[in-house]
Amino acid sequence: MRATFIGLAGSLVTLALTQRLDKPPLETGLDYLQKGLLEHLGPVKSSYKKWTPGWIPSDCKTMTVNANLSVAHVETFSVQYEDCPNDPWLLCRHIDSPDPLENLIDLFGRVPVRARQWVRHIVNLPDPTNFTSAYNWAGNIAMFESINRDLTLFIHETGHSLDLLGAYPDNPLSTSKHWHAQYAKDSHVPDPYSQSNIYEDLAQNTVVAAYDLNVPGGFGVVEPKWRDVLHQFDTIEVEQRKAGDLLVRGGVCTKRLNNSEVVRVGGSSRVMARGSGGPPNVALSDAVGVIERVEFDTSKDCRLGS
């Protein structure tokens, strides 16, 4: 989604590079990558536990309120994947969301764990216009309506986290001289949505890179004009490799974003007490390092969807 601001070194910095790109799209969309991604980024074993009613992660609450929906209708689940055995993800789902919980858990688990660890919460909400879309706020991914087995959507939104939370050596990659120099060498961008701005182009190229890295034969098997965007997706592949093969299947989590504080569904005050009747303990284990929170919001101007 379009990035409107990020916080760097403790300050809030307005991003100026949100103009549309003038390179033509290679294809009309990235749907043609779905089959290969689903086949070769297989499901990860998982289990989940529903929270006791009355509590919700504060970021889930904020995103629900911002969507003009009732927080009382949101259920929270702790989702444990076997490749991050000590630290479950918190998934918040509105009871009117058309996408089944199991579908969301399955698709998110297919995102390679070293990239998935750069996502804080998944929030699934209904949309009154039945429009499927998504955005990323400070590492939280909001999914609206039925995602319909769209793994590219999860990878795209995770791509914003990797870029804007600082996963790559060039940080943020999208604003680096290196990215802009490599972008200038290509004649095309992957699809029309990539033309939105440099941040969306990078996120769409993250999908291309994930395909190229995980599907036998790579991007060139399904795209004869792959060289027209080579410098863009190859730059992401090099950066992710230097960072520890973030987009490659396998491995285990080594770091995580702190979960947002637990709050009462019916109140705004943060409650940290533990014990009987208290909120769930959402502290990270000692098995993972902590990723610093960076403020950015891709919800304001556009949403990837259909």
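**Exercise 1: two asparagines with unusual backbones**

In which loop is the place of Asn-130? And where is Asn-68 found?

Before we start, a few ground rules: this is a predicted model, where local features need pLDDT of at least 70 and side-chain atom pairs count only at pLDDT 80 or more, while totals for chains, interfaces and linings use all residues. Numbering runs from 1 along each chain as its sequence is written, and side-chain values use heavy atoms, with hydrogens and water left out.

*Solution.*
- Step 1: Go to strand S7 (121–125) and strand S8 (133–137); Asn-130 sits in the loop between them. Helices (H or I, at least four residues) and strands (E, at least two) are DSSP runs, numbered from the N terminus.
- Step 2: Check the backbone. Asn-130 isn't a glycine, yet its phi is positive, about 60°.
- Step 3: Now find Asn-68, in the loop between H2 and S5. Asn-68 comes just after H2, and its phi, near 60°, is also a positive value in a residue other than glycine.
- Step 4: Put that in context. Most residues other than glycine have a negative phi.
- Step 5: Look at the surroundings. Asn-130 is exposed, with a relative accessible area of 59%, and Asn-68 is exposed with 71%. The scale here is buried under 20% relative accessible area, exposed over 50%, and partly exposed in between (1.4 Å probe, protein chains only).

**Exercise 2: the cis peptide bond**

Find which bond is cis around Pro-172 and place that proline in the fold.

*Solution.*
- Step 1: Read omega for the bond from Asn-171 to Pro-172; omega is near -10°, and the bond is cis.
- Step 2: Place Pro-172 in the loop between H5 and helix H6 (177–184).
- Step 3: For background, most peptide bonds are trans.

**Exercise 3: a buried acid with no salt bridge**

Work out which side chain Asp-150 makes a polar contact with.

*Solution.*
- Step 1: Locate Asp-150 in the loop between strand S9 (140–144) and helix H5 (151–164).
- Step 2: Look for a charge partner. Asp-150 is buried and has no salt bridge; Arg-149 is the nearest side chain of opposite charge, 9.8 Å away. A salt bridge would need a side-chain nitrogen of Lys or Arg within 4 Å of a carboxyl oxygen of Asp or Glu. For charges, Lys and Arg count as positive and Asp and Glu as negative, with His and the chain ends not counted.
- Step 3: Try polar partners instead. The side chain of Thr-152 pairs with that of Asp-150 at 2.5 Å. A polar contact is a pair of N or O atoms within 3.5 Å; within protein, one must be able to donate a hydrogen and the other to accept it, and residues adjacent in sequence count only if both atoms are side-chain atoms.
- Step 4: Set aside residues up to four places away in sequence, and Asp-150 touches Gln-34 and Leu-107. Contact means heavy atoms within 4.5 Å.
- Step 5: Follow Leu-107, which is one of the buried residues of H3. Nine of the ten residues of helix H3 (residues 101–110) are buried, so H3 is largely enclosed by the rest of the structure.

**Exercise 4: Ser-194 and Asp-201**

Is Ser-194 buried or exposed, and what does it touch?

*Solution.*
- Step 1: Ser-194 lies in the loop between H6 and helix H7 (198–214).
- Step 2: Its relative accessible area is 0%, so Ser-194 is buried.
- Step 3: The side chains of Ser-194 and Asp-191 are joined by a polar contact of 2.6 Å.
- Step 4: Beyond four places in sequence, Ser-194 touches Leu-21, Val-189, Glu-200, Asp-201 and Gln-204.
- Step 5: Jump to Asp-201, which lies in helix H7 and is likewise buried at 0%. With the same kind of sequence filter, the contacts of Asp-201 include Leu-21, Val-189 and Ser-194, along with Trp-179 and Gln-232.
- Step 6: Measure along the chain too: Ser-174 is 27 residues from Asp-201, with 8.9 Å between their C-alpha atoms.

**Exercise 5: the cavity**

Which element gives the largest share of the lining of the largest cavity?

*Solution.*
- Step 1: Search the whole structure; one cavity of 30 Å³ or more turns up.
- Step 2: List the lining: Val-79, Tyr-81, Trp-89, Leu-90, Leu-91, Phe-108 and Ile-122.
- Step 3: Strand S5 (74–81) and strand S6 (89–94) are the elements giving two or more residues to it. S6 takes the largest share, with three residues.

How values were computed:
1 Å grid on protein atoms, 1.4 Å probe; cavity = no way out; pocket = protein on both sides within 12 Å on 5 of 7 lines; lining within 4 Å. Points joined across faces, edges and corners; volume = space filled by probe spheres on them.
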